[in-house]
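The following paragraphs lead through one protein model, strand by strand and then ring by ring. Please keep the sequence and the coordinates open beside the text while reading.

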Amino acid sequence: MSKSLITTHILDTSLGLPAAHVAVTLSLQVDQQWQALDTQQTDSDGRILNWALSDGQLPFGLYRLRFDTAAYLGDTAFFPWVDICFQRRDDRHHHIPLLLTAFGYSTYRGS
């Protein structure tokens, strides 16, 4: 199975488990405005490997992944959502993971 140029996954580090069924919106900045491209839910392994658009519809530019953490964490969520912004400047795969707890998060460029 092929995967998109941009992928993500969420690991709930407080549980040591993937965060399944979390809504994530992929947006592109166009003329200083965020344009939503697609919204998907993480699978049972906490991953989004494909978006409902082709790689050709993912130009170089500034992107944002918005994770709906409040719906996943419920009343314990300190951050109701997490936005991760990143630049797509080349044709390499961009894997953007989210390590999540109720009171914190971190990210990095994965492979």
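**From a hairpin to a sheet**

In this predicted model, strands β8 and β9 form a hairpin, with 2 residues between them. The two strands, β8 covering residues 94–101 and β9 covering residues 104–107, pair in the antiparallel sense over 4 bridges. A reader who wants to locate this pairing in the coordinates can start from Leu100, whose bridge partner in β9 is Tyr105. Tyr105 will return below, since ring pairs link Phe78, Phe79, Phe103 and Tyr105 into a cluster.

Elsewhere, an open sheet of 4 strands has the order β4-β3-β6-β7, and its pairing is antiparallel. The edge strands of this sheet are β4 (33–41) and β7, each of which pairs on one side only. From one strand to the next, the twist averages 25 degrees. As background to the bridges listed next, strands of a sheet pair through backbone hydrogen bonds, either parallel or antiparallel.

Within the sheet, strand β3 (residues 23–30) and β6 pair in the antiparallel sense over 5 bridges. Leu26 stands opposite Leu65 in β6, and the bridge partner of Ser27 in β6 is Arg64. Strand β6 is also joined to β7, with which it runs antiparallel, by 7 bridges; here Arg66 stands opposite Asp83 in β7. How well covered is β6? Strand β6 is mostly covered, with 5 of its 7 residues buried. When tracing side chains along such elements, it helps to recall that in a regular strand the side chains alternate between the two faces of the sheet.

The loop between β3 and β4 deserves a separate look for its backbone angles. Asp31 lies in this loop, and its phi is near 50 degrees, a positive value in a residue other than glycine. Gln32 has its place in the loop between β3 and β4 as well, and although Gln32 is not a glycine, it has a positive phi of about 65 degrees. Are these residues buried or exposed? Asp31 has a relative accessibility of 72% and therefore counts as exposed, the cut-off being over 50%. Gln32, with a relative accessible area of 67%, is exposed too.

The aromatic side chains add another kind of contact. Counting rings whose centres lie within 6.5 Å, the model comes to 4 aromatic pairs. One of them joins Tyr63 and Phe86, whose ring centres are 5.8 Å apart and whose planes meet at 20 degrees, so the pair is stacked. This pair links distant parts of the chain, with Tyr63 in strand β6 (residues 61–67) and Phe86 in strand β7 (residues 82–88), 23 residues apart. Both Tyr63 and Phe86 are buried.

Another aromatic pair, formed by Phe78 and Phe79, is edge-to-face, with 5.0 Å from centre to centre and 85 degrees between the planes. Phe78 counts as exposed because its relative accessibility is 55%, whereas Phe79, at 29% relative accessibility, counts as partly exposed. Both of these rings belong to the cluster that ring pairs build from Phe78, Phe79, Phe103 and Tyr105. With Tyr105 the account comes back to the hairpin, where this residue in β9 is the bridge partner of Leu100.

Key:
Residues numbered from 1 in each chain as written. Predicted model: local features only at pLDDT ≥ 70, side-chain atom pairs only at ≥ 80, totals over all residues. Heavy atoms only, no water. Pairing = 2+ DSSP bridges. Phe/Tyr/Trp six-rings, centres within 6.5 Å; stacked < 30°, edge-to-face > 60°. Buried < 20%, exposed > 50% of the residue type's maximum accessible area, 1.4 Å probe, protein only. Axes fitted to C-alpha atoms, helices over the stretch in contact; angles between N-to-C directions.
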